[in-house]
Amino acid sequence: MSELLEQRLCTELTKLVLIDPHTHINPHSPASKTLADIMGYHYYTELAHSSGISKSQIEEPGLDPKTKVGRLVESLKNLDNTVQVSWLIELCRKFFGFSDDRITASNWEKLYDNAVAKMAEPDWEDQCLKQSGIERVFLTNEFDDPLTGFDTKRYIPCLRTDDLVFHFTNPKVRERLAKATGIEPTSPAKVRQAIGKLFEHFVRHGAKACAISLPPSFSPFRPTGSDLDEHQFNAGFLEAESESKTVGQNWIFWTIAEFCAEFKLPFDLMIGVNRRVYPAGVFQGQDLFDQRVSLIQYKDLFNAFPQVIFPVSVLAQVSNQELVSYSWIFPNVVTNAHWWYSNIPAYIELDTKARLQAVPRNKQIGYYSDMYKLEFAWPKFSMYRRCLARVLAQDFVIGRRWSEDEALSLGRQVLRGNVESIFQVD
Amino acid sequence: MSELLEQRLCTELTKLVLIDPHTHINPHSPASKTLADIMGYHYYTELAHSSGISKSQIEEPGLDPKTKVGRLVESLKNLDNTVQVSWLIELCRKFFGFSDDRITASNWEKLYDNAVAKMAEPDWEDQCLKQSGIERVFLTNEFDDPLTGFDTKRYIPCLRTDDLVFHFTNPKVRERLAKATGIEPTSPAKVRQAIGKLFEHFVRHGAKACAISLPPSFSPFRPTGSDLDEHQFNAGFLEAESESKTVGQNWIFWTIAEFCAEFKLPFDLMIGVNRRVYPAGVFQGQDLFDQRVSLIQYKDLFNAFPQVIFPVSVLAQVSNQELVSYSWIFPNVVTNAHWWYSNIPAYIELDTKARLQAVPRNKQIGYYSDMYKLEFAWPKFSMYRRCLARVLAQDFVIGRRWSEDEALSLGRQVLRGNVESIFQVD
Amino acid sequence: MSELLEQRLCTELTKLVLIDPHTHINPHSPASKTLADIMGYHYYTELAHSSGISKSQIEEPGLDPKTKVGRLVESLKNLDNTVQVSWLIELCRKFFGFSDDRITASNWEKLYDNAVAKMAEPDWEDQCLKQSGIERVFLTNEFDDPLTGFDTKRYIPCLRTDDLVFHFTNPKVRERLAKATGIEPTSPAKVRQAIGKLFEHFVRHGAKACAISLPPSFSPFRPTGSDLDEHQFNAGFLEAESESKTVGQNWIFWTIAEFCAEFKLPFDLMIGVNRRVYPAGVFQGQDLFDQRVSLIQYKDLFNAFPQVIFPVSVLAQVSNQELVSYSWIFPNVVTNAHWWYSNIPAYIELDTKARLQAVPRNKQIGYYSDMYKLEFAWPKFSMYRRCLARVLAQDFVIGRRWSEDEALSLGRQVLRGNVESIFQVD
């Protein structure tokens, strides 16, 4: 009975058209062209590599898409248990007329060809969004993205600031900033001015969020004095490995938070990733984490900017209770989806239970797809909806005797309503 | 079938009259007078604030109880998903004839008036305890509480020592100690003598436990030498922000543990809270935690005092496995309930499963309410009993084919039997 | 229906004959002689002690086996809830004709006598293995074990290296190394040479793995220079408490990893144990852990030895997500069973769910018994099989509509197939 109830709730939730509040979609090429665009997603290349295939097999220069897919298909026998491969099967069945349970040496070529044909249809992008029940998609834009040539109502800009904070000592980043803003970032005042220009540019083009991913060691603090002095600036940014690097990173981070306040943009914090832990790994398959991290590191920030909303994503599942508790206490902290290594049903379900039990319902962003290509919204949101429906069924309809309508209303709020209210998407 | 079994077990467990081994009840005013006493509980004010209402709205000076409740009721639409609000609904239905599922703008005034009328009945305290199935209640007493004017058989004193350990550098605390004991705490020997007097006073008035809450950074160690020397004493206590503060805090903590041994009092350790993380929060809604804490920090303590029982509560859910393991190895470490941010069904159920699977059954204190007003014992213990019944049903009756009686016997032991034996409540 | 499905899967999985990839079996005395060998397992003595019985009662010199069992039986009333005691009951019912649900004052003597009689049968070892569905068993051999006098096909040697790395400053360990290899370990070159001889010896006798248990603080790094210099060597090894101890430990550890590469042996890392946390505890009942540990500490190692497979066991359950993620990214990191304080159903089930959802199926070693006596393989593997069957039923057959055969094939691979392929057991 519980199973039928879950299905009923899931079916209803699937009817709701969604806004996806965090993706890596390229708005100039949002959908895939071949199955290689889909199976080239780092989830498959890194798992294939982990299961035994060499990096050179996968990343051979000049490899044509079909050969690449053929090679990756060989690894699937070691990966069919993973939820990531279940996404692949699910999207192939949804979009490309695939009717088998597994992609194998004997059926992949037909699938490949069918997919190519489907993706070649001129309105594939629209079809895919429509079939996926998605109408708007947040982007992750480099700070010097011109933000032109696409529909910013459908593809909502988001200012990603990792490079500014963590790679400002890299001359190329400073050059990009100069070029984007017309301001040479040679002093703290000039850097601040340049960042202000970025915010103006982004907001003018409809940006609805600022975002950054942060290593477990990061612990922002209020800069002393009103601004960085010349010495710290030089030490922090111009001398790459200096001790003051942290001071410089912190100062830029804090300056960005100040502009979020000024421009009324939520600041997405994606907390806990260590970059390049496995440098010999495949593209985008090199990052991991250290579970020894705490939101207490963000105490000063949360207190200093009560007017800024911080949708927080945590990489380590052990951070979820802190996220629940900080969102329960701080008005400006909001739970944001299930990120990366925590984005598997075992953790989504536990984390969803705790959030729905203890965080105000208007402060929970249920899910984002984090996708690079549109085809992934469907299976990823479907996975989340199944977890959500299970928790709603077990903890609310059965456990607390809510009506199904009341449970669905809660589900719809975390799936869509809060995305609208928190990011002010009209 | 599993669901009916759970219900059957829960119904049986509910018949057992309980002793609540940790509360913040004021024995001179144990029950509520209006719904404002209930909805003024920090769980509601902090959640209401977190969901959007300003602190000044909630804590406006001179606010009359009914207006305050009216303001908080407006927030409930954002909070009805939380288990904390489910406690509120449950107690209103149990005690005040409330028959709706939600408290809203249109039904709260009648509820308020009904509650006032009920609470005005002269025997409301007795009624409430009786209906809640509670007969005795542990208190949390300041060290200078005279402990008079109430029935210490019903309201069992407990010596709370946070101020002595963590605020001894505050002259007011030292004055309170002098006043309570007649001893000016101007040297280590005098402090020890004064603390000894507190223990005598508390034990004479029927105290059954000593208790303290501890920050994640605390790591007690055996003081070197038999006592603190004069220099350390001055540095540790009289100079507020000195480096030796830790030495001083540690010395008092250790001295308290020595008196627990001498007076045969269990020492409740409530591990992991950071105070005033959100200083702009509402009253009692400012504390949070850092999950990076370990019971290894208490290794010296547990080894030094084998004769003292330490009922340990942990704030971070990630600490539960350590708590299970330390209780499995150390004879003097006992699991103590589900504290604060871990006191939601998602975590209670996981933690209860692990404890029942791996800790001796005579070393588990199932639950305490932590309540400030008597009305909360019913819904909080009910929440726990449902979790307990589910684990007993699934893991013992179904999973291990125990009879229902055997499972109930285990349930009764963690609910009541161990409270009697561990705290020596006769 | 789900329950029947789980049972069906479990029954099928139980038919598979297994290789146990980590135990502490003494191949010269693999099975028990009396119930004291079984109830003397540290799981029972430490739990009995924890529940109230004194260490001297359990470890009284000259205590005869039957009296010892009688004393331990008295504690069982406090322990019958534990999964460890459920193993005991289960093995007594399986092997010794025991038909009760609990071992008590009134039935233990008959059980004791029946067990003695059964164990005295000349082929008890063979019977026990056969009934348990186990055909081969990995050992944990001291580095100076001669590895003779037993069937190394049945009892597969494994080189345990804790003493070399963590107790090399102990002169006795260096003497044992000199004696075992004929090389006085008086310089880095000689130590390397001696360790090389150990590897030759072990591989010649059919060793299939090298293993070590590691404290939470350990964080290996690539030694600077090609080898340890004379000064570091003396400081690191010959002066017991010197600051360079860590350098010395690290150098030996790294040298062992180099030999694992050379001899193509997987290197089992058992991460996270603190030794002698409760030094007054019973034999083997003194160790605990600190959950503040991360696999990031092994980043250099995993990168430096891509050709070495590292089957990783973690003691803290909070480490499981890191283990899942590191195994998903690093080709040479493999998940290895459920160790010690994580070896209870509550954690096995959660951890198994996450692993099966996100780690390539060819990189998961489902379980090892860690047993000291053969009789424990049956109840421990049975516990694991029930957890595994539940996850396969819920997440794969029901959740992802796999056929039962497909689910069983996954189950068989983690139970046995991967043990064969990862350890190259033919």
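Two residues count as being in contact here if their C-beta atoms, placed from the backbone, lie within 7 Å. Keep that cut-off handy for the exercises below, and remember that this is a predicted model.

**Exercise 1. Work out how many residues chain C and chain B each bring to their contact, and what the chain C side is made of.**

Start with the head count: 32 residues come from chain C and 27 residues from chain B. Next, look at which elements of chain C give two or more residues to the side touching chain B: they are α3 (42–51), α6 (83–95), β8 (288–289) and α16 (345–358). Of these, α3(C) gives the most, with five residues. Finally, sort that side of chain C by class, and you get 16 nonpolar, 13 polar and three charged residues.

**Exercise 2. Find which symmetry relation links chain B to chain A, and say whether the copies meet through different surfaces.**

First, the general idea: two copies of a chain are related by a rotation about an axis and a shift along it. Now superpose chain B on chain A: a turn of 120° and a shift of 0.0 Å along the axis do the job, with an RMSD of 0.0 Å. That is the relation of a three-fold axis. Then try chain C on chain B, and again you find a turn of 120°, a shift of 0.0 Å along the axis and an RMSD of 0.0 Å. As for the surfaces, 6% of the contact residues of chain C recur in chain B. Likewise, only 6% of the interface residues of chain B are also interface residues in chain A, so the copies meet through different surfaces.

**Exercise 3. Describe how α11(B) and α13(B) cross, and list the residues that make the contact.**

Take the geometry first. The axes of α11 (residues 188–204) and α13 (residues 245–263) of chain B come within 10 Å and cross at roughly 40°. This makes α11(B) oblique to α13(B). The handedness of the crossing is right-handed.

Then go to the residues. α11(B) supplies B:Val191, B:Arg192, B:Ile195, B:Gly196, B:Phe199 and B:Val203, while α13(B) supplies B:Ile252, B:Thr255, B:Ile256, B:Phe259 and B:Phe263. By class, they split into eight nonpolar, two polar and one charged.

**Exercise 4. Lay out the open sheet of three strands in chain B and pick its edge strands.**

The order is β1-β2-β3, with parallel pairing. At the edges sit β1 (18–20) and β3 (155–156) of chain B, each pairing on one side only. Zooming in, three bridges join β1(B) to β2 (residues 134–138) of chain B. One pairing to check is B:Ile19, whose bridge partner in β2(B) is B:Arg136.

Key:
Residues are numbered from 1 along each chain as its sequence is written. Chains are lettered from A and ligands numbered from 1 in the order in which they are written. This is a predicted model: local features need pLDDT of at least 70, side-chain atom pairs count only at pLDDT 80 or more; totals for chains, interfaces and linings use all residues. Helices (H or I, at least four residues) and strands (E, at least two) are DSSP runs, numbered from the N terminus. Ala, Val, Leu, Ile, Met, Phe, Trp, Tyr, Cys and Pro count as nonpolar, Asp, Glu, Lys and Arg as charged, and the others, Gly among them, as polar. Copies are superposed by least squares on the C-alpha atoms of residues with pLDDT of at least 70 in both. Axes are lines fitted to C-alpha atoms, for helices over the stretch in contact, and angles run from 0 to 180 degrees between N-to-C directions. Angles under 35 degrees count as roughly parallel, over 145 as roughly antiparallel, 65 to 115 as roughly perpendicular and the rest as oblique. A crossing is left-handed if the near helix is turned anticlockwise from the far one by less than a right angle, and right-handed if clockwise. Two strands pair if DSSP finds at least two bridges between them.
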